[in-house]
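Me: Please take a close look at a single loop in this model, then work outward from there. Keep it brisk, and give the reasoning where a call rests on a cut-off.

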Amino acid sequence: MIATAGQFTGKQWRSGRLEQFLAGHPYPLLYATVHGSRLYAFDTLESDLDLRGCHVLPVEQVLGLRDGPETVTRKGELAGAGVELVTHEVKKVCRLLLKGNGNVLEEVLSPLVLVTGDFHAELRDITGETISRKHSGHYLGMASQALSVLQKPGKGKVKYALHLYRALLTGVHLMETGKLECRLPVLNGRARLSHVDELLERRKGGPGEQGLTGQEIAFMAGKFDRLMLELKEAADRSPLPAQGQREARLNDLLVRIRRDGRYR
């Protein structure tokens with residue numbers, strides 16, 4: 001079952017080749033969703049397709065002497081744009097959710113859905129109850145990594161600055177509301193950072209609009225310190241539990257998939 005959702009449109013989908021690309025995965029897909037800049041709502045026509053998902057291994061590759069791959073990465077090109085699909089095996093997905101992994105949280109709850117079914121619907125319901133204060137650490141780490149990239153020679157680009165702000169503002173919003181929001185324009189509608197609006201506008205421009213000056217990067221580093229503190233304070237006062245819940249429900253879902261062989 002494959003469907004488009006949200007803002008995801010473009011030649012890659014209309015050509016039908018994306019469906020063929022997904023169908024070429026070596027294992028059954030339980031879900032596949034859009035991630036990256038298209039999820040964050042600062043993509044351009046030239047943006048690659050970052051897809052994430054979950055696969056299920058045959059029982060002999062789970063119980064036998066030779067384990068199947070926990071992670072599968074496939075790359076290709078559609079309509080002139082690069083496409084990457086990274087999937088984790090269902091058991092790894094469940095474990096990462098309980099550990100507070102924000103990447104898996106975002107891919108499970110992404111509104112841009114390409115492959116879905118009963119498993120995905122049940123997992124989305126459970127995932128909302130795994131959100132905890134532990135997720136703040138994920139977004140703090142993601143933001144620190146984005147700043148490190150931004151400060152490297154040749155990486156002072158609008159795109160990397162937007163990734164920095166997106167991570168921090170998603171983390172603050174999650175800690176304060178318990179709800180996941182990845183779209184940077186929506187997040188900044190709440191944060192009201194005028195320089196983020198300016199960066200979003202520049203992202204729509206040509207190559208000449210994409211470079212940042214050293215002064216701009218220094219300014220963003222200062223804002224980074226303030227937003228990092230804001231995220232830490234939001235986590236300290238957050239009503240979210242200290243650690244993810246619903247291990248029993250995830251375990252039950254995993255056992256049913258292994259036992260019944262019902263994927264979607």
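Reply: Start with Ala41, which sits in the loop between helix 3 (37-40) and strand 2 (49-55). The model is predicted. The phi of Ala41 is near 70°. That is a positive value, and the residue is not a glycine. Ala41 has a relative accessible area of 24%, so it is partly exposed. The cut-off matters here, because buried means under 20%.

A second residue shares the backbone feature. Arg192 has a phi near 60°, again positive and again in a residue other than glycine. Arg192 is also in a loop, the one between helix 10 (184-191) and helix 11. Its surroundings are another matter: with a relative accessible area of 70%, Arg192 is exposed.

Now follow the chain from the loop of Ala41 into strand 2. Gly53 is in strand 2. Its relative accessibility is 0%, so Gly53 counts as buried. Setting aside neighbours within four places in sequence, Gly53 is in contact with Tyr31, Ala32, Leu85, Val86, Thr87, His88 and Glu107. For a long-range reference, take Met228. Gly53 and Met228 lie 175 residues apart in sequence, and their C-alpha atoms are 29 Å apart.

Next comes Cys54. It too has 0% relative accessibility, so Cys54 counts as buried. Does it have a bonding partner, or none? The closest cysteine sulfur belongs to Cys94, and at 7.1 Å it is too far from the sulfur of Cys54 for a bond. The cut-off for a disulfide is 2.5 Å between the sulfur atoms. Cys94 is likewise in no disulfide, with the sulfur of Cys54 as its nearest cysteine sulfur. Cys94 is buried, at a relative accessible area of 6%. By this rule, the count of disulfides is zero.

Two residues in the contact list of Gly53 lead further. Take Thr87 and Leu85. Both also touch His25. His25 is placed in the loop between helix 2 (17-23) and strand 1 (29-35). It is a loop residue, yet at 8% relative accessibility it counts as buried. Beyond its neighbours within four places in sequence, His25 is in contact with His55, Val72, Arg74, Leu85 and Thr87. Two polar contacts involve the His25 side chain. One runs to the side chain of Thr87, at 2.9 Å. Another reaches the backbone nitrogen of Tyr27, at 3.1 Å. Across the model, the C-alpha atoms of His25 and Ala234 are separated by 40 Å, with their positions 209 residues apart along the chain.

The other lead from Gly53 is Glu107. Glu107 is among the buried residues of helix 6, together with Gly102, Val104, Leu105, Glu106 and Val108. Helix 6 is largely enclosed by the rest of the structure, because six of its eight residues are buried. At the start of helix 6, a side-chain oxygen of Asn101 comes to within 3.0 Å of the backbone nitrogen of Asn103.

Which helix packs on helix 6 (residues 102-109), and at what angle? The partner is helix 8, at an angle of about 100°, and the two axes are 9 Å apart. Helix 6 is therefore roughly perpendicular to helix 8. Gly102, Asn103, Leu105 and Glu106 of helix 6 make the contact with His135, His138, Tyr139 and Met142 of helix 8.

His138 deserves its own look. This residue lies in helix 8 (residues 135-150). At 16% relative accessibility, it counts as buried. The His138 side chain reaches the backbone nitrogen of Gly102 at 3.2 Å. Not counting residues up to four places away in sequence, His138 touches Gly100, Asn101, Gly102 and Asn103. So the start of helix 6 meets two side chains: Asn101 reaches Asn103, and His138 reaches Gly102.

One more helix pair brings us back to the region of Arg192. Helix 11 (residues 194-203) comes within 10 Å of helix 9 (residues 158-177), axis to axis, with a crossing of roughly 140°. The two are therefore oblique to each other. The crossing is left-handed. From helix 9, Val158, Lys159, Ala161, Leu162 and Tyr165 take part. They meet His195, Val196, Leu199, Leu200, Arg202 and Arg203 in helix 11.

Notes. Residues are numbered from 1 along each chain as its sequence is written. This is a predicted model: local features need pLDDT of at least 70, side-chain atom pairs count only at pLDDT 80 or more; totals for chains, interfaces and linings use all residues. Side-chain values use heavy atoms; hydrogens and water are left out. Helices (H or I, at least four residues) and strands (E, at least two) are DSSP runs, numbered from the N terminus. Buried means under 20% relative accessible area, exposed over 50%, partly exposed in between (1.4 Å probe, protein chains only). A polar contact is a pair of N or O atoms within 3.5 Å; within protein, one must be able to donate a hydrogen and the other to accept it, and residues adjacent in sequence count only if both atoms are side-chain atoms. Contact means heavy atoms within 4.5 Å. Axes are lines fitted to C-alpha atoms, for helices over the stretch in contact, and angles run from 0 to 180 degrees between N-to-C directions. Angles under 35 degrees count as roughly parallel, over 145 as roughly antiparallel, 65 to 115 as roughly perpendicular and the rest as oblique. A crossing is left-handed if the near helix is turned anticlockwise from the far one by less than a right angle, and right-handed if clockwise.
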